Amino acid sequence: MDDGYSVQTTAAESAEVGGLDNLQALKDADTFLVADSWGDLKGGADGLFDHDTRILSRFVMTMGLARPSKLSSGVSRDNVFFTAHSTNRPLPPMGGRSAPAGVLHIERRRFVWDRRMFERVRMANHGIEDVLLPLAFDFGADFADIFQVRGTPRETRGTGHAPTNDGRRVTFRYTGLDAVVRASCLAFSEPPARLSTHRAEFMFSLPMGKSLDLYIECGADACLTPDQPRWRENSVAARLAMRRRRRRGASLRGPRSPRFNAWLDQSRADIALLTTDLPTGPYPYAGTPWFSTPFGRDGIISAWQMLWLDPSLAKGVLTYLAARQATEISAFQDAQPGKIMHETRSGEMSALHEVPFGLYYGGVDTTCLFVALAGAYARRTGDLDLIRQLWPNLVAATGWMRDYGDSNGDGLIDYQRAAETGLSNQGWKDSEDSIFHADGRFPRGPVALLEVQGYAFAAWNAMAELGEHLTDGRAKAWHLHAEEVRQRVEERFWMEDQQFYAIALDGDGEPCEAIGSNAGHLLFTGLPTADRARAVSRRLLGAEFRSGWGIRTLARGQPRFNPMSYHNGSVWPHDTSLGVAGMAHYGERDAVAMILGEIYAAASHFNMRLPELFCGFERQPGEGPIAYPVACLPQAWAAGSVFLMLQAALGITIDAFARTITVNAPTLPDGIERLTVSRLQVGEASVDLAFQRLGDQVVVMPRNRVGELRIVQTR
């Protein structure tokens, strides 16, 4: 995902130092914090951000004029706390005494809650003498817009006001060019010995064997005095809120394998971290640091990955996007009536239209995916009340697909940006070099992407099915429209000599014959014939696509192939998961288990947290996957990948209208002998499903069934 603006050098360098583990992210609602592994904010990509504005850009702790010696650091498994452990380097003499290295233990523990950062610095003296500890914090607030941080230049900025302090707290203010006054406050539980507008200096007396705590808060408004009761009260609230989000829907537990269960737990925790409870319901934000905001495409796919376990995400996503459906034409926003939002931002640059992303519609696939998800949600839940509520939005979305989405009248959904400020490529592979001909040439527009036609096929079928439930007389016509789309795709995109689909059609109707993973998304929608689906699966499972860590976005040997690129040869877990689910749709159960095992192996090398993407180099014995240096971590649809792939491997489909769960030829990856799905709810009924390998087969045993619910097993 790329909204068209490059990451500036300093931000990229900040992300690259020490690899993906260097940047540690915390988030709550529209506030997130990115720090290095010491817990320091030093500019670049670091900072405390609130509503797309950096309200604390520098926060660096030193002991005796030096950084402490780090022992360990990381984010808790539930994503609530960041903790860094360190010890002192030799301290300068104080009152004739000096402390040797390694006698002080410093623990920095922090969390983000209610638009502020809470931090506790715990200092313990393990030496044999009392110690005077000089501790200092350098700080600053630049109020940079998220797009400035990412590298978008600005000719002018608003007015930064001189910070003020009252001996215990410092207040920062900035008046933007949009006339909005933005403020933040940094406060300490103890008054510093010296406090300026950019530095706080403390001198703590630490008796041997004793410890003491310093509490710090920074938020987007005035500060109360930090103390232990505030820390405790807010930390409990933050942890309980995270626990509620993690426990939504059904749960999954693997065998007595702490690593596999750790992957499941980390992925569920990452989804919970990125999910914000909005007035319209829960919405999974795309990822930190660059995409901590609602994205249409990302939200829909993340919700779809989780749909079988937790339908509440899909309900929240559908309701939010319906409320922001476009009603007029805007070239700057790439908006047309009926179109579904691609991205929304709330910073100064968006408010001033310096960038179009305040409410931007430049995603060609989001509208089709919105309709298709509504159909999938209805089948999963039977919730026709929501569908009736959204029906005008769904009909308007199909109107966009018919009128504006098909700009040249050839029956295919296409895109061409309406203004130079918009995205040049508007599918999920939206970097500038991701769509091209077999000789490497870029196509002229409008461009019709392969996978988008599959989403349109799924959308028209969804409308037909929903129309039948609502007795809408247009249902039959919508079904015919889906079949027309299928026929056009099979006629115009299929390359018989390649036994594969072209990645796109250009504005002249000529196929872009590059061989990309987009065809896996087409399998996900069920559009191809069985024979062609098998041919596509064979290629996706071959060495040109399979890296050993998942499926590459572009086949090896293609023009512009680069395993270190963003979209042209890297591995995106969500892309792999959609391809895997598509193969399962056509009966490729063993392949599903194999690829799931590869992604599990990759997750093991990334501390059980899958990044947005990683490099597509071939797997080497005894070596791990190679990180992409500025990938978002965590990323919602990367975290959701394991759940979609497990659904595909287990062969689970749910039809709430028929009150039926079907389990078709389940399988499990090598080394995983059993898996249990608990509290799987369908309407008012629920059941646990226990899967276990017996010989060369995996069997399912329903348990704890409550209510009217059929379990159908097929082979």
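Visitor: Which residue is the bridge partner of Lys42 in β6?

Guide: In β6, Lys42 is partnered by Arg58. Keep in mind that we are reading a predicted model. To read a bridge, look next at the strands it belongs to: β3 (residues 41-42) and β6 pair in the antiparallel sense over 2 bridges.

Visitor: How many bridges join β6 to strand β11?

Guide: There are 6, and β6 and β11 (residues 131-140) run antiparallel. One facing pair to find on screen is Phe59 with Phe139 in β11.

Visitor: Is strand β6 largely enclosed or left open?

Guide: Burial is judged by relative accessible area, with under 20% counting as buried. In β6 (residues 58-63), 5 of the 6 residues are buried, so the rest of the structure largely encloses this strand.

Visitor: Let's turn to cysteines. How many disulfides does the structure hold?

Guide: A disulfide is a covalent bond between the sulfur atoms of two cysteines. Here there is 1, formed by Cys185 and Cys223, with their sulfur atoms 2.5 Å apart. Cys185 sits in strand β14 (residues 181-188) and Cys223 in the loop between β17 (211-219) and α3 (228-246), so the pair ties together parts 38 residues apart in sequence. Both Cys185 and Cys223 are buried.

Visitor: Why is there no bond between the sulfur of Cys368 and its closest cysteine sulfur, in Cys512?

Guide: Distance settles that one: the two sulfurs are 18 Å apart, which is too far for a bond. Cys368 is buried, at a relative accessible area of 0%, and Cys512 also counts as buried at 0%.

Visitor: Now a sheet. What is the strand order in the open sheet of 3 strands?

Guide: The order is β28-β29-β33, and the pairing is mixed. β28 and β33 (710-714) stand at the edges with a single partner strand each, so each has one side without a neighbour in the sheet. On average, neighbouring strands here are turned by 20 degrees against each other, direction ignored. β28 and β29 pair in the antiparallel sense over 4 bridges, and Ile652 stands opposite Val663 in β29.

Visitor: Which residues lie nearest the centre of the largest pocket?

Guide: Look for Arg379, Phe524, His585, Gln647 and Thr653, from a lining of 30 residues. Among the elements giving two or more residues to that lining are β28 (652-655) and β29 (660-664), from the sheet order we just read. The pocket's volume is about 990 Å³.

Visitor: Which element gives the most to that lining?

Guide: That is α10, with 5 residues. By class, the lining has 16 nonpolar, 9 polar and 5 charged residues.

Terms used. Residues numbered from 1 in each chain as written. Predicted model: local features only at pLDDT ≥ 70, side-chain atom pairs only at ≥ 80, totals over all residues. Heavy atoms only, no water. 1 Å grid on protein atoms, 1.4 Å probe; cavity = no way out; pocket = protein on both sides within 12 Å on 5 of 7 lines; lining within 4 Å. Points joined across faces, edges and corners; volume = space filled by probe spheres on them. Nonpolar A, V, L, I, M, F, W, Y, C, P; charged D, E, K, R; others polar. Pairing = 2+ DSSP bridges. Axes fitted to C-alpha atoms, helices over the stretch in contact; angles between N-to-C directions. Buried < 20%, exposed > 50% of the residue type's maximum accessible area, 1.4 Å probe, protein only. Disulfide = S-S within 2.5 Å.
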